[in-house]
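Thanks for making time, everyone. Grab a seat where you can see the screen, and let me put the structure up.

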Protein chains: 2
Amino acid sequence: LVIVGEKINSSNKKVASALEKRDGEYIQKLAKEQAEAGVDYIDVNAGIFGDQEAELLTWLVETVQAYVLKPCCIDSPNPYALKKALEVHHGRALINSLTGEKERQEKIIPLVNYHQAKVVVLCLGEKGIPETADERVQIASSVIDLLMQEGTPLSDIYIDPLVQPIATSPSAALISLEVIEKIKNLYNGVHTICGISNISYGLPLRRIINAHFLTMAMSRGLDSAIIDPCDPLIISSLMATDALTGSDSYCLKYISAFRKGRIK
Amino acid sequence: LVIVGEKINSSNKKVASALEKRDGEYIQKLAKEQAEAGVDYIDVNAGIFGDQEAELLTWLVETVQAYVLKPCCIDSPNPYALKKALEVHHGRALINSLTGEKERQEKIIPLVNYHQAKVVVLCLGEKGIPETADERVQIASSVIDLLMQEGTPLSDIYIDPLVQPIATSPSAALISLEVIEKIKNLYNGVHTICGISNISYGLPLRRIINAHFLTMAMSRGLDSAIIDPCDPLIISSLMATDALTGSDSYCLKYISAFRKGRIK
């Protein structure tokens, strides 16, 4: 699994407060614990700050990368904020995100090309999030085709089915699983990605729902996820699922994670 | 999910010792805690006792049913032991199990018919357990056809793909999932069942592997399982999976299980 560590997100109150105070130490602590947990990307988000977003997102990238040697997942719908953050980023970032919306594409695809970035594509079009899996797959297909025409290889594209909360949309998980499976069958080599914790919004013991949704999604072909890499339930799901799906032959990684006390 | 409580099994040392001493109280305690946890069937197994199996299995059925109002899953490959246990059983038992083996069929199918019992069919033939999912589906199909000819409705048949340990067979879980999905597509109304804990034999923290295997299997169509109904990890998997697959609309059962402290 390609792991994006979700912790540096301004929707979290402590992170928001650290951003207001430019508390680099707190941000670097979150970056370090996620890097040590083995993430591939560190998500950075300053979405709640409106006019200040570009400046704060840039500060997050600099603060994180001054401390850990990891690329960032730069998380913003705002092309200007993405542009400024990409300018200071070292290595190949994961841009989060592009959609089926024309205006966003016109501004973000040039950034993907210029920085040779990888890119998350949300299955969302001009009319919002489609109800059915097939409509979402259609949007993903059209964006994949466009990106490939512009020179982005399939292996740099991460399709996000858009996970909605099951508390209000009972078929939300099933729709996501269907999109993942269909995209994997249609495009050999493309990645699929989910913001796992959206699924449990509004429920008690969210970590349990998150962990079992990750298990289901991985068993359908999900190969990347935005998760809390320090949550033992999530790590248990990940290790158990790799062992169960044959990605961890003879369970050597699982046994090693057990010995290190990472699962419980 | 149709739940078969697995605890009264002679492969467990305490159960074996209770059987030797005819300690009915201990057996009834296990029956009661499983009944209270909401199982549909109580598994009874005296398989390690050789010549005494028929007598002990009969005693188990009597001991359990004297105390709880649940049917048993009568667990034995031995037609004579099954016959004796069925003679004292009240209600419709689940016979565990029939296979693709001719000799076993000739002796067990008449018991299924006479007692109008439900029956577990293991995907195992004259030459043992086949390697591939397709061969297992073939065995299941031939036994289903035979049972239906003899008058057993599809809804009384429970197909068990035969779960082998992933510690020694890395593709064991994938094969089981494939059998479950294929059987569900071929026969509308037939049940699928697994002895979940076999998957984790030889591994540390077996309960974690068991719980995530249950999640995967349920998301592919598993509708019955032989499990420990008192294990909070198993109950968490079950409740989370029902919520995620839309079987528990608006997560009402999940929230109620949380309030009762059944998941954690």
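I'll start with confidence, then go through chain A, then chain B, and finish with some unusual backbone spots.

Okay, so first: what you're looking at is a predicted model. The predictor gives the complex an ipTM of 0.94 and a pTM of 0.96. For chain A, the average pLDDT is 97, and 100% of the residues score at least 70. As a general habit, where pLDDT is low, the predicted coordinates should not be read in detail.

Let's turn to chain A. Eight strands here close into a barrel, and if you follow them round, the order is β1-β2-β3-β4-β5-β6-β7-β8, with parallel pairing. On average, neighbouring strands in that sheet are turned by 25° against each other, ignoring direction.

Where does the barrel of chain A close? Look for strand β1, residues 2-9, which runs parallel to β8(A) and is joined to β8(A) by four bridges. You can pick out a couple of the partners: A:V2 bridges to A:S224 in β8(A), and A:I3 has A:A225 as its bridge partner. On the other pairing, strand β7 of chain A, residues 191-195, goes with β8(A) in the parallel sense over three bridges. There, A:C194 stands opposite A:A225. So A:A225 is a nice residue to click on: A:I3 is its bridge partner in β1(A), and A:C194 stands opposite.

Now, are the faces of β8(A) covered or not covered? Both are covered. A:S224 and A:I226 sit on one side, A:A225 and A:I227 on the other, and all of these are buried.

Before we leave chain A, a helix: α3, residues 53-65, lies across β1, β2 and β3 of chain A. Its direction is at about 155° to β2(A).

On to chain B. Here too there's a closed barrel of eight strands, running β1-β2-β3-β4-β5-β6-β7-β8 with parallel pairing. Neighbouring strands in this sheet are turned by 25° against each other on average, direction ignored. Strand β7 of chain B, residues 191-195, pairs in the parallel sense with strand β8, residues 224-227, over three bridges. One partnership to look at is B:I193 with B:S224 in β8(B). And helix α7 of chain B, residues 172-186, lies across β6 and β7, running at about 165° to β7(B).

Next, two helices of chain B that pack on each other: α4, residues 79-88, and α5, residues 102-115. The angle is about 10° and the axes are 10 Å apart. An angle under 35 degrees counts as roughly parallel, and that's why we call α4(B) and α5(B) roughly parallel to each other. Who meets whom? From α4(B) we have B:P79, B:L82, B:K83, B:L86 and B:E87, and they meet B:K107, B:I108, B:L111 and B:H115 in α5(B). By class, that contact has five nonpolar, one polar and three charged residues.

Let me zoom in on two single residues. B:T58 is in helix α3 of chain B, residues 53-65. Buried or exposed? Its relative accessibility is 13%, so B:T58 counts as buried. Leaving out residues up to four places away in sequence, B:T58 touches B:K84, B:A85 and B:V88.

The other is B:Q34, in helix α2 of chain B, residues 24-36. With 0% relative accessibility, B:Q34 counts as buried too. What does B:Q34 touch, beyond residues up to four places away in sequence? The list is B:G5, B:E6, B:K7, B:I8, B:V39, B:I42 and B:P229. Take B:E6: B:Q34 and B:E6 are 28 residues apart in sequence, and their C-alpha atoms are 8.8 Å apart in space.

Last bit: the backbone. Most residues other than glycine have a negative phi, and most peptide bonds are trans. With that in mind, go back to chain A, where a cis peptide bond joins A:N96 and A:S97, with omega at about 25°. A:S97 is in strand β4 of chain A, residues 94-98.

In chain B, B:L162 has a positive phi, near 75°. B:L162 is in the loop between β6 and α7, and at 13% relative accessible area this leucine is buried. B:L205 also has a positive phi, near 45°. Its loop is the one between β7 and α8 of chain B, and with 33% relative accessibility B:L205 counts as partly exposed.

How values were computed. Residues numbered from 1 in each chain as written. Chains lettered and ligands numbered in written order. Predicted model: local features only at pLDDT ≥ 70, side-chain atom pairs only at ≥ 80, totals over all residues. Heavy atoms only, no water. Pairing = 2+ DSSP bridges. Axes fitted to C-alpha atoms, helices over the stretch in contact; angles between N-to-C directions. Contact = heavy atoms within 4.5 Å. Buried < 20%, exposed > 50% of the residue type's maximum accessible area, 1.4 Å probe, protein only. Parallel < 35°, antiparallel > 145°, perpendicular 65-115°, else oblique. Nonpolar A, V, L, I, M, F, W, Y, C, P; charged D, E, K, R; others polar. pLDDT = per-residue confidence, 0-100.
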